[in-house]
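Visitor: I've got a protein model open and I'd like to talk it through with someone. Could you take me around it?

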Amino acid sequence: MNELLLLLLLQELERQQNVLVVCHQGVMRCLLAYFLDKNSNELPYLRCPLHTIIKLTPVAYGCRVETIPLKIQAVDTHREKPKVTDVARTDADALSTVPGIEIVYGSSGNPNNFDVPKTGDVKVTFPNSLS
């Protein structure tokens, strides 16, 4: 039932001339994935900057995307897709693309020791705004 309602909403959006959608970044990623024909693996990593108007203009076989940043200071919340996405990845691999986090390995340089920080092998430093 919810999928049908969502499909009807998206079809209605496609029929309109001009639509303004004010939404959370997660909703924006879903809308962009739909209109830009992205798959579910790409969806979490679509760039949706805060305080930015994203204008979609229908063109042949897709949409042209224009971004209009508003002059409001904000942190960059975008996270690149990690190189390793397997559920059995190390904590270091999982945190490798988190903005503002620096992972420093100890003398062994072994990323597999990250999940055992009591060994002193790995140090994670957070930016001042997160500590």
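Visitor: Of the contacts with a separation of 6 or more, what share comes from residues 24 or more positions apart?
Guide: Keep in mind that this is a predicted model. Counting contacts in the protein with a separation of 6 or more, the part that joins residues 24 or more positions apart is 25%.

Visitor: And what order do the helices and strands come in along the sequence?
Guide: The protein has three helices and four strands to place. Going along the sequence, they follow the pattern α-α-β-β-α-β-β.

Visitor: How much of the protein is buried?
Guide: To count as buried, a residue needs under 20% relative accessible area. The protein has 131 residues, and the buried share of them is 18%.

Visitor: Which residues make up the largest nonpolar core?
Guide: Helix α2 is a good place to start, since its buried residues include M28, L32 and A33. Those three belong to the largest nonpolar core, which has five residues. The full set is M28, L32, A33, L46 and C48.

Visitor: Sticking with L32, which residues is it in contact with, leaving aside neighbours within four places in sequence?
Guide: Two of its partners, L46 and C48, are also members of the largest nonpolar core. L32 also touches D37, which sits just after α2 and has a positive phi of about 55°. The whole list is D37, L46, R47, C48, I54 and L56.

Visitor: What covers the buried residues of α2?
Guide: The residues being covered are Q25, M28, R29, L31, L32, A33 and F35. One contact of this kind is I54 of strand β1 with M28. The cover includes α1, β1 and β2.

Visitor: Is V27 buried, partly exposed or exposed?
Guide: V27 is in helix α2, but it isn't among the residues buried there. Its relative accessibility is 42%, and the partly exposed class runs between 20% and 50%, so V27 is partly exposed.

Visitor: How far apart in space are V27 and C48?
Guide: Along the sequence, V27 and C48 are 21 residues apart. In space, C-alpha to C-alpha, the distance is 10.0 Å.

Visitor: What kind of aromatic pair do Y34 and F35 form?
Guide: A search of the whole structure turns up one aromatic pair. The ring centres of Y34 and F35 are 5.0 Å apart and the planes meet at 85°; planes over 60 degrees apart get their own label, so this pair is edge-to-face.

Visitor: How does I54 class, buried or partly exposed?
Guide: I54 lies in strand β1 and has contacts with M28, L32, V65, E66 and T67, leaving aside neighbours within four places in sequence. Even so, its relative accessibility is 22%, and buried means under 20%, so I54 is partly exposed.

Visitor: How far is I54 from E66, C-alpha to C-alpha?
Guide: These two residues are in contact. They are 12 residues apart in sequence, and the C-alpha to C-alpha distance is 5.8 Å.

Visitor: Which element gives the most to the lining of the largest pocket?
Guide: That pocket holds about 940 Å³ of space, and the elements giving two or more residues to its lining are α1, α2, β1 and β2. In total 29 residues line the pocket, with V19, V21, I54, K55 and L56 nearest its centre. The top contributor, with seven residues, is β1.

Visitor: Which backbone oxygen does the side chain of T52 reach?
Guide: T52 is in strand β1, which covers residues 52–59. At 15% relative accessibility it is under the 20% limit, so T52 is buried. Beyond four places in sequence, T52 touches T67, I68, P69 and L70. Its side chain also makes a 3.0 Å approach to a backbone oxygen, that of L50.

Visitor: Which class does Y61 fall into by relative accessibility?
Guide: Y61 is found in the loop between β1 and β2, and has a positive phi of about 60° although it is not a glycine. With 88% relative accessibility against a cut-off of over 50%, Y61 is exposed.

Visitor: What about H51, what is its phi near?
Guide: H51 is found in the loop between α2 and β1, and it is partly exposed at 36% relative accessible area. Its phi is positive in a residue other than glycine, and the value is near 55°.

Notes: Residues numbered from 1 in each chain as written. Predicted model: local features only at pLDDT ≥ 70, side-chain atom pairs only at ≥ 80, totals over all residues. Heavy atoms only, no water. Buried < 20%, exposed > 50% of the residue type's maximum accessible area, 1.4 Å probe, protein only. Polar contact = N/O pair within 3.5 Å; in protein donor to acceptor, adjacent residues only side chain to side chain. Contact = heavy atoms within 4.5 Å. Core = buried A, V, L, I, M, F, W, Y, C linked by side-chain atoms within 4.5 Å. Phe/Tyr/Trp six-rings, centres within 6.5 Å; stacked < 30°, edge-to-face > 60°. 1 Å grid on protein atoms, 1.4 Å probe; cavity = no way out; pocket = protein on both sides within 12 Å on 5 of 7 lines; lining within 4 Å. Points joined across faces, edges and corners; volume = space filled by probe spheres on them.
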